[in-house]
Every structure is written in structure tokens, then in C-alpha cells.
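Subject: Structure handover and notes

Hello,

Here is the structure I said I would pass on. My notes on it follow below the model.

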Amino acid sequence: MALVGRDDDLDAILFTLRHAQGVLIVGESGVGKTALAAAAAAALPQPPLARIVATAAGRSVPFGALAPLLGDDESLTPALVPVRIAERLERGQGSAARRSSPPVLLIDDLHELDGPSAAALLSLVVSDSIRLLATARSGHSVPDAVTALWKEGLVRRVDLSPLDRAQTALLLADLLGAPVASPTAAALHALSAG
């Protein structure tokens, strides 16, 4: 599926990931946050070392979202979680890449992070241990540490708006392999709210 109407956003995200600490893509459900993040990840010189999907169910477990990066050490104290994650990402990255820039960590649905995971993530971004590529749904409350990421200018926030009618028609044509009648495109745009 083509990425329609997001070329400027994609360019800005890739530029930011090369020159800053990260990007947070924010928008309503269904506007293409995950697709845009996936396109950015695919265009990186080195793919993200990890992709985390935060969930509402995992929010009740401290560090639940970051568990795949922590390993099996049950004696790990919360203060050492960012250090452990940074070490693990660094080991997986290799020496040549480590010299050029920190690894990219992709987190989908950042608004679902538990508080301890959000605090660890903030620490990793502040210490320049990772570059963050994340998505979050607008209108949801997020942990304070997530808010601090963009309020303190640590990551660039990219707010996605819904597709307009023309972009919706282009997306439909790409999905169906042929142009779509204007009334059909208009109806689907209205039903989907872009």
C-alpha cells in the first residue's frame, strides 16, 4: 500500500531522526500513524533495533512494554532499567553503527505506556542512548514522562491530520488498482473521516 499524502511528513521525520533525538507522530485513530512510522523505519539506513507495541493490557505491568528489551534478570532494580536497555541495544547495534548514531527504537501506541516504562524511555532519550520513533493517539492521556518528551523539545512532535478527499481517492485507487468514481471516493472519505 502506498503512503499517500505524507511525503513531507516522511521527509521531516527522516531528517529529524538523522539530526535529533526522535520523533513522536500523533493523530486520531486511523490517520496512518503506524504506516508512516513503518515507512520511516524502512527508509532508515539501519532498521530500528527493536519495535515495541504498547497495549492497554501491558500498562498494568511495570516495564511491561519494555520487557522484550530487558531479558530475564528478575533482580533488576527500576533505576537500572535504562542502563540495561542501553547496553542491550548497543550490543545489538555493532561497533560501526555505534560510532555514527544511537540506535532507533520504534514504539507504537506510546500513549499506552506504563509510568515506569515512560520514565525509562525519557531517561534513554535524555542520555542520547536511543533515537525514538513513536506513535501516539491524540486525545488520550499519557504519562508525564511522555509529555516531557515533546514539551521539553527532546523529540519533534508531528501531528497528522486526516487525508483530504483527493488523498482518499488516491489511496482507494492504490488499494483497488484502478481509479474510483468521485461519488464513491467522497462517500468513503465522509464515512472514514479521512
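I start with helix packing. The axes of α8 (165-176) and α9 (182-192) approach to within 9 Å and cross at roughly 110°. Since angles of 65 to 115 degrees count as roughly perpendicular, that makes α8 roughly perpendicular to α9. On the α8 side the residues involved are R165, T168, A169 and L172, and they meet A185, L188 and H189 of α9. Sorted by class, this contact has 4 nonpolar, 2 polar and 1 charged residues. Please keep in mind that the model is predicted, and that every value here is computed from it.

The second helix pair is α6 with α7. Helix α7 covers residues 144-151, and α6 packs against α7 at an angle of about 30°, with the axes 7 Å apart. The two helices are therefore roughly parallel to each other, because an angle under 35 degrees counts as such. From α6 the contact takes in A118, A119, L121, L122 and V125, which meet A145, V146, A148 and L149 of α7. By class the α6 and α7 contact has 9 nonpolar residues, no polar ones and no charged ones.

Next, the pocket. The largest pocket holds about 420 Å³ of space. Its lining has 22 residues, and those closest to the pocket centre are G30, V31, G32, L163 and L171. Three helices supply at least two lining residues each: α2 (33-43), α8 and α9. Of the elements, α8 gives the most, with 4 residues. The lining divides into 14 nonpolar, 6 polar and 2 charged residues. The helices α8 and α9 thus come up twice in these notes, once as contributors to the pocket lining and once as a pair whose axes cross at roughly 110°.

Some individual residues are worth looking at on screen.

L124 is placed in helix α6. L124 counts as buried, because its relative accessibility is 1% and the cut-off for buried is under 20%. Leaving aside neighbours within four places in sequence, L124 is in contact with P82, I85, A86, S129 and I130. Q21 is 103 residues from L124 along the chain, while the C-alpha atoms of the two are separated by 9.9 Å.

V81 is in helix α4, which runs over 81-93. V81 is also buried, with a relative accessible area of 2%. Beyond neighbours within four places in sequence, the contacts of V81 are F63, L70, L76 and A120. For V81 and S29 the C-alpha separation is 31 Å, and the two residues are 52 apart along the chain.

L76, one of the contacts of V81, is found in the loop between α3 (67-70) and α4. With a relative accessibility of 18%, L76 counts as buried, because the limit is under 20%. Again leaving aside neighbours within four places in sequence, L76 is in contact with L70, V81 and R84. L70 therefore appears in the contacts of both L76 and V81, as contact here means heavy atoms within 4.5 Å.

Last, the backbone. Most residues other than glycine have a negative phi. Which residues have a positive phi without being glycine? D109 is one such residue, with phi near 65°, and D128 is another, with phi near 60°. D109 sits in the loop between β3 (104-108) and α6 (115-126). D128 sits in the loop between α6 and β4 (131-137). Is D128 buried, partly exposed or exposed? D128 is partly exposed, as its relative accessible area is 35%.

That is what I have for now.

Regards

Technical notes:
Residues are numbered from 1 along each chain as its sequence is written. This is a predicted model: local features need pLDDT of at least 70, side-chain atom pairs count only at pLDDT 80 or more; totals for chains, interfaces and linings use all residues. Side-chain values use heavy atoms; hydrogens and water are left out. On a 1 Å grid over the protein atoms alone, a cavity is a set of points where a 1.4 Å probe fits but cannot get out, and a pocket is an open set with protein on both sides within 12 Å along at least five of seven lines; lining residues have an atom within 4 Å of a point. Grid points are joined across faces, edges and corners, and a volume is the space filled by probe spheres set on the points. Ala, Val, Leu, Ile, Met, Phe, Trp, Tyr, Cys and Pro count as nonpolar, Asp, Glu, Lys and Arg as charged, and the others, Gly among them, as polar. Axes are lines fitted to C-alpha atoms, for helices over the stretch in contact, and angles run from 0 to 180 degrees between N-to-C directions. Angles under 35 degrees count as roughly parallel, over 145 as roughly antiparallel, 65 to 115 as roughly perpendicular and the rest as oblique. Buried means under 20% relative accessible area, exposed over 50%, partly exposed in between (1.4 Å probe, protein chains only).
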